[in-house]
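Please look through the sequence and the structure shown here before reading on. The paragraphs after them are written for someone meeting this structure for the first time.

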Amino acid sequence: MKMKEILITKGFTSKQAENLSHELSLVDARLEPVLDMWLQDGIETDYSAEGYTIMGLKQQYSMTYPAALLSIDWLLKEPEIAKECINKGLR
C-alpha cells in the first residue's frame, strides 16, 4: 500500500495525506525505520534530537505522531532554526 493510502486509513483526508506523504518521504534516513514502523504496524516509536523527543512534542503540543516526527526531522536538519521556533511555541 502506498503511503498516501495508509495515511487515509489512519484518518487523514486525501489532501492531508497527499501533503503529508510528500513531507514524510523526505525525512532524514535516521527516521525512516521509525516512520516505517508507524506506517506498517501503527507502532509509535520514540526518537530524540536536540533534547526533544517525538513523544514529548506530541504531548506538549498536542501533535499527531507524523507532525511530531516531522518536527524531529526538522531538528535533525536545521537544529538552530527549529529549536528557536519550538522554544517560542509551535502552533
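What follows goes from the chain as a whole to one of its helices and then to single residues.

The model is a predicted one, and every value given below was computed from it. The chain is built from six helices and two strands, and when these elements are read from the N terminus on, they follow the order α-α-α-β-β-α-α-α. In other words, three helices come before the two strands and three come after them.

As for overall dimensions, the C-alpha atoms of the chain fill a box of roughly 35 × 25 × 20 Å when this is taken along the principal axes. The radius of gyration is 13 Å, which agrees with the value near 12 Å that a compact globule of 91 residues would have. Of these 91 residues, 33% count as buried. The surface that the chain exposes amounts to about 5,500 Å², and carbon and sulfur atoms supply 51% of that area. If one considers contacts between residues at least 6 apart in sequence, 45% of them join residues that are at least 24 apart. Among the side chains there are 10 positive and 14 negative ones, and the centres of these two sets lie 5 Å apart.

A good place to go further into the structure is helix α5, which covers residues 65-77. Its 13 residues reach 18 Å from the first C-alpha to the last, close to the 18 Å expected at 1.5 Å a residue. The buried residues of this helix are Tyr65, Pro66, Ala68, Leu69, Leu70, Ser71, Ile72, Asp73 and Leu75. Against which elements do the buried residues of α5 pack? They pack against helices α2 (14-24), α3 (32-41), α4 (54-61) and α6 (79-88), and also against the strands β1 (48-49) and β2 (52-53).

One of the buried residues of α5, Asp73, leads on to Asp28, which is found in the loop between α2 and α3. Leaving aside neighbours within four places in sequence, Asp28 is in contact with Asp73, Leu76 and Lys77. Is Asp28 buried or exposed? Its relative accessibility is 16%, and because buried means under 20%, Asp28 counts as buried.

Another buried residue of α5, Tyr65, can be related to Gly42, whose place is in the loop between α3 and β1. Gly42 and Tyr65 are 23 residues apart in sequence, and their C-alpha atoms are 9.9 Å apart in space. Not counting residues up to four places away in sequence, Gly42 touches Lys10 and Met37. With a relative accessible area of 38%, Gly42 is partly exposed.

Turning to the N-terminal part, helix α1 spans residues 3-9 and contains Lys4. Lys4 is partly exposed, at a relative accessible area of 26%, and, apart from neighbours within four places in sequence, it is in contact with Ser14, Ala17, Glu18 and Ser21. Thr9 lies in helix α1 too, but Thr9 counts as exposed, with 59% relative accessibility. Two pairs of residues show how a separation along the chain can go with quite unlike separations in space: Lys4 and His22 are 18 residues apart along the chain, with 8.6 Å between their C-alpha atoms, whereas Thr9 and Val27, also 18 residues apart, have C-alpha atoms separated by 21 Å.

Two loop residues deserve attention for their backbone angles. Most residues other than glycine have a negative phi. Glu50, in the loop between β1 and β2, has a phi near 55°, a positive value in a residue other than glycine. Ser62, in the loop between α4 and α5, likewise has a positive phi, of about 50°, although it is not a glycine. As to accessibility, Glu50 counts as partly exposed at 40%, while Ser62 is exposed, with a relative accessible area of 69%.

The last stop is Tyr61, whose place is in helix α4. Tyr61 counts as partly exposed, with 23% relative accessibility. Although Tyr61 and Gly89 are 28 residues apart in sequence, their C-alpha atoms are 8.3 Å apart in space.

Notes: Residues are numbered from 1 along each chain as its sequence is written. This is a predicted model: local features need pLDDT of at least 70, side-chain atom pairs count only at pLDDT 80 or more; totals for chains, interfaces and linings use all residues. Side-chain values use heavy atoms; hydrogens and water are left out. Helices (H or I, at least four residues) and strands (E, at least two) are DSSP runs, numbered from the N terminus. The radius of gyration is taken over C-alpha atoms; the globule rule is 2.2 Å times the number of residues to the power 0.38. Buried means under 20% relative accessible area, exposed over 50%, partly exposed in between (1.4 Å probe, protein chains only). Contact means heavy atoms within 4.5 Å. Accessible areas come from the Shrake-Rupley method with a 1.4 Å probe; for residues, only the protein chains shown count as cover. Lys and Arg count as positive and Asp and Glu as negative; His and the chain ends are not counted. The place of a charge is taken as NZ of Lys, CZ of Arg, CG of Asp or CD of Glu. The expected span of a helix is 1.5 Å times one less than its number of residues.
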